[in-house]
Amino acid sequence: MTPMRTLIERHQGAPEEGDQRLRALGRAVLQLEADAVAALGERIDQPFSEACRHMLACRGRVIVTGMGKSGHIGSKMAATLASTGTPAFFVHPGEASHGDLGMVTPDDVVIALSNSGETDELTAILPLIKRLGVPLIALTGRPESTLARAASVHLNVGVEQEACPLGLAPTASTTATLAMGDALAVALLDARGFTAEDFARSHPGGKLGRRLLLHIEDIMQTGERIPRVAPGTALRDALLEISRKGLGMTAIVDEEQRVLGIFTDGDLRRTLDRGADIHQTPIEAVMSLSPQTASPDLLAAEAAERMERHRINALLVTDAEDRLVGALNMHDLLRAGVV
């Protein structure tokens, strides 16, 4: 791995103070941490598979623990596991020695994070973890450490150097640990057959959940709010229907509510350019045939993608027999937080 000073000089030329040096340091840190993560690829071997197998077989929860910066990484790791189908939570090792270890049951798996593998708060609870007989997965930078030797599975996340020029602040080591945690979570996600809908169910309050869970039927206009006219309706009256319903278009339907066509703001501009008489022209003479339609159970996110792809602002919703049951436009998608 290239020393930090060499990386800085490579990025900035002659050393100097000011913005150039700040940018050089930033680039050097990113390069060093990228190299540290890339080096982990060679360590995705049998112990990695064993760690995944332990978690897949877990009938309880995956308990993640770590002290200091490793604890922060552990909290994120537990959150990622939990949101991707592996029930997990974080336990502070200091609190574990004072009662929180009671959260761990024989059905659980413990993941312990420590760059040195000698963190006092973790080594203090090792006997208790071993007594419970739960699998212990250790992520450390030292395979010969106390924690690594006590573990059921050890994953080496060691780095040659920290990105900190002083070699003191945990930087590259925490990035490597975080990346290994993500590798575990994604491998488990795939092994469990975890889907986008499963992910959305654990994120119902965010935009992602809305995108993945909302269907057109949840947000479409229905009943009297749907703009529609019959064949033979004068263009003038169709325009009044568009104005009343506020969706920027109207559907043209037969007596059984089957869609015959659509008339939009764009159609109106083209009609006026041709000098059509809005009082005498029947709507079917100027409507667009074969409009874009969707079924009520289509995901709202898919509806948004379809509207963007076809460069339209509204969509008619029809049932299996092509009867009009709803309508929506881009404003409905915006209000629902889908786009």
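Q: Between which two strands is the loop that holds Ser-290?
A: Ser-290 lies in the loop between β9 (288-289) and β10 (293-294). Strands are DSSP runs of E with at least two residues and helices are runs of H or I with at least four residues, both numbered from the N terminus. The model is a predicted one, in which local features need pLDDT of at least 70 and side-chain atom pairs count only at pLDDT 80 or more, while totals for chains, interfaces and linings use all residues. Residues are numbered from 1 along each chain as its sequence is written, and side-chain values use heavy atoms, with hydrogens and water left out.

Q: Why does Ser-290 count as exposed?
A: Exposed means over 50% relative accessible area, buried means under 20%, and partly exposed is in between (1.4 Å probe, protein chains only). Ser-290 has 68% relative accessibility, and therefore counts as exposed.

Q: Why does Gln-257 count as partly exposed?
A: Its relative accessibility is 26%, so Gln-257 falls in the partly exposed class. Gln-257 is located in the loop between β7 (249-253) and β8 (259-264).

Q: What is notable about the phi of Ser-290 and the phi of Gln-257?
A: Most residues other than glycine have a negative phi. Ser-290, which is not a glycine, has a positive phi of about 50°. Gln-257, also a residue other than glycine, has a positive phi near 70°.

Q: Why is α3 called oblique to α8?
A: The axes of α3 (residues 46-56) and α8 (residues 172-191) come within 10 Å and cross at roughly 55°. Axes are lines fitted to C-alpha atoms, for helices over the stretch in contact, and angles run from 0 to 180 degrees between N-to-C directions. Angles under 35 degrees count as roughly parallel, over 145 as roughly antiparallel, 65 to 115 as roughly perpendicular, and the rest as oblique. The crossing angle therefore makes α3 oblique to α8.

Q: Which residues of α3 and α8 meet, and how do they divide into nonpolar, polar and charged?
A: Phe-48, Ala-51, Cys-52, Met-55 and Leu-56 in α3 meet Met-180, Ala-183, Leu-184, Ala-187, Leu-188 and Ala-191 in α8. Contact means heavy atoms within 4.5 Å. Ala, Val, Leu, Ile, Met, Phe, Trp, Tyr, Cys and Pro count as nonpolar, Asp, Glu, Lys and Arg as charged, and the others, Gly among them, as polar. The contact of α3 with α8 thus holds eleven nonpolar, no polar and no charged residues.

Q: What makes α4 roughly parallel to α8?
A: The axes of α4 (69-83) and α8 come within 10 Å and cross at roughly 15°. This angle makes α4 roughly parallel to α8. Residues of α4 in the contact include Lys-69, Ile-73 and Met-77, and those of α8 include Thr-177, Asp-182 and Leu-188. The residues of this contact divide into six nonpolar, four polar and three charged.

Q: What makes a set of residues a nonpolar core, and which members of the largest one touch the most others?
A: A nonpolar core is a set of buried Ala, Val, Leu, Ile, Met, Phe, Trp, Tyr and Cys residues joined through side-chain atoms within 4.5 Å. The largest has 26 residues, of which Leu-81, Ile-111, Ile-137, Leu-139 and Leu-155 touch the most other members. With five residues, α8 gives the most to this core. A second, separate core of 18 residues includes Met-220, Ala-300, Leu-315 and Leu-333.
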